[in-house]
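Dear colleague,

I am passing on the structure we spoke about, with some notes on what came out of it. Please look it over before reading on.

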Amino acid sequence: MDKEILIITKDIKQKYSDEATEKIHKLFDVLKQHKDKNDSCEIIKTQQQLIIELVQLNQLQIEIIDLTEEINN
């Protein structure tokens, strides 16, 4: 793949990664609110959302690392 395309792709994925990180921080805030209210149903829903977001963020970060390695080679 063309190096310029790799760099652009990496930058886009990094932007999505940054947005996902912000979303995760907000979900942790929501989780704390539900814990303060002792709302077990909403705690479980929020935890499920957090797991999904964390897995997606992890995948994005792996892709970014792979792209970075490819760019540097």
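The accessible surface of the chain amounts to about 5500 Å², and carbon and sulfur atoms account for 55% of that area. Please bear in mind that this is a predicted model.

As to the overall form, the chain contains two helices and zero strands, and its C-alpha trace spans about 50 × 15 × 15 Å along the principal axes. The radius of gyration is 16 Å, whereas a compact globule of 73 residues would have a value near 11 Å. Of the 73 residues, 22% count as buried, and among the contacts between residues at least 6 apart in sequence, 69% join residues that are at least 24 apart.

Turning to the interior, the largest nonpolar core consists of seven residues, namely Ala-20, Ile-24, Leu-27, Leu-31, Ile-43, Leu-50 and Leu-57. Helix H1 (3–37) and helix H2 (40–72) each contribute at least two residues to this core, with H1 giving the most, four residues. One of the core members, Ile-43, touches Leu-31, His-34 and Lys-35 when residues up to four places away in sequence are left out of the count.

On the surface, Ile-8, Ile-12 and Tyr-16 make a nonpolar patch of about 300 Å². Tyr-16 lies in helix H1, and its relative accessible area is 47%, so this residue is classed as partly exposed, given that the class of exposed residues begins over 50%.

With best regards

Notes: Residues numbered from 1 in each chain as written. Predicted model: local features only at pLDDT ≥ 70, side-chain atom pairs only at ≥ 80, totals over all residues. Heavy atoms only, no water. Core = buried A, V, L, I, M, F, W, Y, C linked by side-chain atoms within 4.5 Å. Buried < 20%, exposed > 50% of the residue type's maximum accessible area, 1.4 Å probe, protein only. Contact = heavy atoms within 4.5 Å. Patch = residues over 30% accessible without salt bridge, like charges linked within 9 Å, V, L, I, M, F, W, Y side chains within 5 Å. Areas by Shrake-Rupley, 256 points an atom, 1.4 Å probe, with all protein chains shown as cover. Salt bridge = Lys/Arg side-chain N within 4 Å of Asp/Glu carboxyl O. Rg over C-alpha atoms; globule rule 2.2 N^0.38 Å.
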